[in-house]
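Me: I'd like to go through this structure with you, starting with one of its pockets. Can you take me through it?

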Amino acid sequence: MAAMALSCCGCSSGNYSPIGGGESGSETGGGEEKPAAVRTYDISSPTATFKTEVKELSSLCFTSSEDGFYAVGDEGDVFELGLDGKTVSKLYSKVNHDWEGVDCNGNVIYLMEETESALYKLQGGKLTKVADIDVPGGGVSGKGPEGLMCAKDLAYIGNQMSPTRIVKYSLTKSESLGWFDISFVSKYISDLCFDPVDNTMWIVDSKGPAFYHCTLDGKLIATYNIPFVEQAEALAVDHNGGIAWVGCDKTSNIYKIKIEI
């Protein structure tokens, strides 16, 4: 599996500012090439469905070996799963954590805690708080940071709603590089996935239900409607294999979906 969602984490400090893309906007000169038309795919059914034991499954990412997933849920558990959804091991369990995002960088697993609006890391079985995350204009209870992904030395934090905003961090400088809004989701940013094959981003919206392919500054490339997933909250994409793996919060299922990219 070639397209792993590589992950890191970063702390932030100082003031936030909008960056180009999404709703924050930026001034551009004339004469630019017209963007390609946005593609839309209506998918009627998955290739396969796998049951997991992750209660309220909220986020997925590929393991560093790319032969399985790390998965988290609202009840504080961190799992390693096979590609068939079966539990390999439970890496951490603590009921007072509401994990909504997960990504990894080598042997370090990074976790987004929505209730605290905080970024954690799990390494060698030890959980450490990395940073409190402040989303500009956010702070609505139950609608805070959900998606987490890293692209090379940059971390992206997706705020679920009010606003549907993504904050961008420098992992090397431990500071914010600004933010941009996502307008094309039907309601929520539920999970993020970095695609290293073409240096793009994938976003899933549990209320679509749909997932989206876009540039790293939030310009929409394609929409994938998935009406068979009751509450799509987790996403991992294998670009070269043409497979999206979507996790459902309500059923704890993972759906394997063949897609065109």
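Reply: Before the pocket, a convention: Ala, Val, Leu, Ile, Met, Phe, Trp, Tyr, Cys and Pro count as nonpolar, Asp, Glu, Lys and Arg as charged, and the others, Gly among them, as polar. This is a predicted model, in which local features need pLDDT of at least 70, side-chain atom pairs count only at pLDDT 80 or more, and totals for chains, interfaces and linings use all residues. Residues are numbered from 1 along each chain as its sequence is written.

Me: OK, how do the residues of the lining of the second largest pocket divide?
Reply: That lining has four nonpolar, eight polar and four charged residues.

Me: And which ones are closest to its centre?
Reply: Of the 16 lining residues, those closest to the centre are Glu114, Val140, Ser141, Gly142 and Gly144.

Me: Switching topic, is β3 buried or exposed?
Reply: Strand β3, residues 57–62, is mostly covered, with six of its six residues buried (under 20% relative accessible area, with a 1.4 Å probe and protein chains only). Strands here are DSSP runs of E with at least two residues, numbered from the N terminus.

Me: What does β3 pair with?
Reply: β3 pairs in the antiparallel sense with β4, residues 68–73, over five bridges, where two strands pair if DSSP finds at least two bridges between them. Leu57 has Gly73 in β4 as its bridge partner.

Me: What's in the turn?
Reply: β3 and β4 form a hairpin with five residues between them, and Glu66 in the turn has a positive phi of about 65°.

Terms used:
Side-chain values use heavy atoms; hydrogens and water are left out. On a 1 Å grid over the protein atoms alone, a cavity is a set of points where a 1.4 Å probe fits but cannot get out, and a pocket is an open set with protein on both sides within 12 Å along at least five of seven lines; lining residues have an atom within 4 Å of a point. Buried means under 20% relative accessible area, exposed over 50%, partly exposed in between (1.4 Å probe, protein chains only). Helices (H or I, at least four residues) and strands (E, at least two) are DSSP runs, numbered from the N terminus.
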